[in-house]
Amino acid sequence: MSRQRARRGRSLAGAALLAVVLAGCGSDGYEPAGPFRPQPEGPPPQVGPPPESPQAPGPGDPADPESEEEAGDPNVVASGLTVPTGLVVLPDGSAVVGERETGRLLQVFPDHSPARELMTVGGIDTAGDGGLLGLALSPTFAEDGLFYAYVSTATDNRVVRFPMGGTPNPVLTGIPRGETHNGGGLVFAPDGTLFVGTGDTGNAALAQDPASLAGKVLHVDVFGRPLGAGPVHSTGHSDVTALCVGGDQSLYATDDSAQGPDELNAVTAGGDAGWPTAGPDSTDPVVEFDPAEGGLGGCAVAGRTVFLGALDGRRIHTVQLDGGGAVSEEPTEFLTDRYGRLRTVVLDGEGALWITTSNKDGVGTPAPDDDRVLRVFPPGGARNSPL
């Protein structure tokens, strides 16, 4: 595939805390699947009215991506948010979503129950494209209830962790901060180690600078300690907005570039994605997208299928891979121009995709109920399909 190299440039203190996260009383129609205590009594905060329609699916039923967009759209599980960016699916089937510009964390439900405000992450700086970015659950979440978040402060980007309602504690600090290209990718590998995707902060030279954490994929343990000689796992990235891991433990990164095509890259230890200039040891991307179809902001893997959220492209790209990790057929798309700019994409245990819109980010054109969280089955998907 042709390549252009000028590019555009996340221990529970007590069971009560976990109860706040995973609350869901029978009074609102949502019944959590885990052994969690109900939320304390009192009216829960709401983020806009939940869609109400006799056509709405039953609890846990995702809508079809081809359903009609209208009042009571069954694809929409939450609305009235402000640039939802990070999202994690909880063991009980609900999700926690973080707003980039406010630092709020909210619990949203697959049955359209009202969203609940859980806490606000303090100390973030939302200048430029910074703020509350990636979210991830601790690999031992059932025991410790910890969330990990990639956040921007006034002086750096960093990874913090906290129990819901608790104080964020630093895990990895000193990631360079800029007005643009702040990264934010965050994913745990099956072995419980953490991968962190960063951006070049608008200074392309930092992507190849071995002394800088900018423009890299970093690899650390749950305490932020580097694995091996240092935290840098791969170099030469423009802006790693999302990371995802396949069933074969392959790691992928979306790279939202400043010029030229946006890329999905396979990330390997010691690898070089080739920004700003492709060298003899740099690797080709898995797939490239024209900027008008790109602005890649999220990825999720199901088997040999990768789903990519596109901001500028206003769609979800579907990329089929062969056994060697190469693209096996022409990528397809869905939800094109239906909900505006689409960012985060997360798979749940039923094979449904949770997707966030990003129309209130200063670039998009928001609808009255933006921003939204969607939950849909991808075309051809089936409930409980193997991931």
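Biologist: Are phenylalanine 147 and phenylalanine 162 buried or exposed?

Modeller: Both phenylalanine 147 and phenylalanine 162 are buried. Keep in mind that this is a predicted model.

Biologist: What makes phenylalanine 147 and phenylalanine 162 an aromatic pair?

Modeller: Their ring centres lie 6.1 Å apart. The limit for a pair is within 6.5 Å, so these two rings qualify.

Biologist: Why is the pair called stacked?

Modeller: Look at the angle. The planes of the two rings stand at 15 degrees. Stacked requires under 30 degrees, so the word fits.

Biologist: Where in the chain do the two rings sit?

Modeller: Phenylalanine 147 belongs to strand S7, residues 146-152. Phenylalanine 162 belongs to strand S8, residues 157-163. The two residues are 15 apart, and the pair links distant parts of the chain.

Biologist: Why is the pair of tyrosine 148 and phenylalanine 188 called edge-to-face?

Modeller: Their planes make an angle of 80 degrees. Edge-to-face begins over 60 degrees, so the name follows. The centres are 5.0 Å apart.

Biologist: Which strands does this pair link?

Modeller: Tyrosine 148 is in strand S7, and phenylalanine 188 is in strand S10, residues 185-188. They are 40 residues apart.

Biologist: How do you know that tyrosine 148 is buried?

Modeller: Its relative accessible area is 0%. Buried means under 20%, so tyrosine 148 passes.

Biologist: And what makes phenylalanine 188 buried?

Modeller: Phenylalanine 188 has a relative accessible area of 13%. That is also under 20%, so phenylalanine 188 counts as buried.

Biologist: How many aromatic pairs does the structure hold, and which residues do ring pairs link into a cluster?

Modeller: There are four aromatic pairs. The cluster is made of Phe141, Phe147 and Phe162.

Biologist: Now the open sheet. What is the order of its four strands?

Modeller: The order is S14-S15-S16-S18, with antiparallel pairing. From one strand to the next, the twist averages 20 degrees.

Biologist: Why do strands S14 and S18 stand at the edges?

Modeller: Strand S14 (240-245) and strand S18 (287-289) each have a single partner strand. One side of each is therefore left without a neighbour in the sheet.

Biologist: How do you know that S16 and S18 pair?

Modeller: Three bridges join strand S16, residues 262-267, to S18. Pairing needs at least two bridges, so these strands pair. They run antiparallel. Leucine 264 stands opposite valine 287 in S18.

Biologist: How many helices and strands does the chain have, and how much of it is buried?

Modeller: The chain has two helices and 25 strands. Of its 387 residues, 57% count as buried.

How values were computed. Residues are numbered from 1 along each chain as its sequence is written. This is a predicted model: local features need pLDDT of at least 70, side-chain atom pairs count only at pLDDT 80 or more; totals for chains, interfaces and linings use all residues. Side-chain values use heavy atoms; hydrogens and water are left out. Buried means under 20% relative accessible area, exposed over 50%, partly exposed in between (1.4 Å probe, protein chains only). Rings of Phe, Tyr and Trp (its six-membered ring) pair if their centres lie within 6.5 Å; planes under 30 degrees apart count as stacked, over 60 as edge-to-face and the rest as tilted. Axes are lines fitted to C-alpha atoms, for helices over the stretch in contact, and angles run from 0 to 180 degrees between N-to-C directions.
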